[in-house]
Amino acid sequence: QVQLVESGGGLVQPGGSLALSCTASGLSLDGFAIGWFRQAPGKQREGVSCISGDGGSTYYADSVKGRFTISRDSAKKTVYLQMSSLNPEDTAIYYCAAESALYYFCSADDEYAWWGQGTQVTVSS
């Protein structure tokens, strides 16, 4: 069974940084587009960022552009979301998701087949 696992969440002060990781058991992430999504209590799920299967195209929501960076490490079979200048509005459960069809391009509006359980990110003093 395919399992996506997020890690790196936790408590961080406003203005701080945090890095999230996404790995998979049961398959390699090579060739899969990886999206990062988040959902805060009482709010709709929001697409944050994605990287295409070949790593050549990325997307960032306007709310995180310039603050978040998505990358993939082929050697470690891991996709990262580096977050900086965090503010309380970034508090949410963050999920990674994978889709095999999005090899060259991706967006947060695309459908993703596999999802992780999420990791909590809390930005607070």
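Residues are called buried when their relative accessible area is under 20% and exposed when it is over 50%, with partly exposed covering the range in between. The structure described here is a predicted model. Strand β11, formed by residues 119-123, has two faces that differ in cover: T119, V121 and V123 belong to the covered face, while Q120 and T122 belong to the uncovered one.

Strand β11 has pairing partners in β2 and in β9. With β2 (residues 10-12), the pairing is parallel and comprises three bridges; within this part of the sheet, L11 is positioned opposite T122 of β11. With β9 (residues 92-99), the pairing is antiparallel, again over three bridges. Here I93 is found opposite Q120 of β11. Both residues of the uncovered face, Q120 and T122, thus appear in these pairings, Q120 across from I93 and T122 across from L11.

Further pairings involve strand β3, which spans residues 18-25 and runs antiparallel to β1 (residues 3-7), with five bridges between them. S7 has S21 of β3 as its bridge partner. Strand β3 is also joined to β8 by five bridges, and this pair is likewise antiparallel. S21 recurs in this second pairing, where Y80 of β8 stands opposite S21.

The salt bridges were then examined, and five were found in the whole structure. In one of them, the side chains of K77 and D30 meet with an N to O distance of 2.7 Å. Because K77 is placed in the loop between β7 and β8 and D30 in the loop between β3 and β4 (33-39), this pair ties together parts that are 47 residues apart in sequence. K77 counts as partly exposed, with a relative accessibility of 39%, and D30 counts as partly exposed at 39%.

Another salt bridge is formed by the side chains of E46 and R38, at 2.8 Å from N to O. The two residues fall into separate accessibility classes: E46 is partly exposed at 26%, whereas R38, at 6%, is buried because its value is under the 20% limit. R38 also forms a salt bridge with D90, in which the closest N and O atoms are 2.9 Å apart. R38 lies in strand β4 and D90 in the loop between β8 and β9, so parts that are 52 residues apart in sequence are tied together by this pair. Both R38 and D90 are buried. Through salt bridges with shared partners, R38, E46, R67 and D90 are joined into one network.

A search for enclosed space gave one cavity of 30 Å³ or more. The largest cavity holds about 40 Å³ of space. Its lining consists of L29, D30, R72, D73, S74, K77, T78 and V79. Strands β7 (68-73) and β8 (78-83) each contribute at least two residues to this lining. D30 and K77, which meet in the 2.7 Å salt bridge, are both among the lining residues.

On the surface, Y103, Y104 and F105 make up a nonpolar patch, and their accessible area together is about 390 Å². F105 is located in the loop between β9 and β10 (114-115). Its relative accessibility is 62%, so F105 counts as exposed.

Technical notes: Residues numbered from 1 in each chain as written. Predicted model: local features only at pLDDT ≥ 70, side-chain atom pairs only at ≥ 80, totals over all residues. Heavy atoms only, no water. Buried < 20%, exposed > 50% of the residue type's maximum accessible area, 1.4 Å probe, protein only. Helix = DSSP H or I, 4+ residues; strand = E, 2+ residues; numbered from the N terminus. Pairing = 2+ DSSP bridges. Patch = residues over 30% accessible without salt bridge, like charges linked within 9 Å, V, L, I, M, F, W, Y side chains within 5 Å. Areas by Shrake-Rupley, 256 points an atom, 1.4 Å probe, with all protein chains shown as cover. Salt bridge = Lys/Arg side-chain N within 4 Å of Asp/Glu carboxyl O. 1 Å grid on protein atoms, 1.4 Å probe; cavity = no way out; pocket = protein on both sides within 12 Å on 5 of 7 lines; lining within 4 Å. Points joined across faces, edges and corners; volume = space filled by probe spheres on them.
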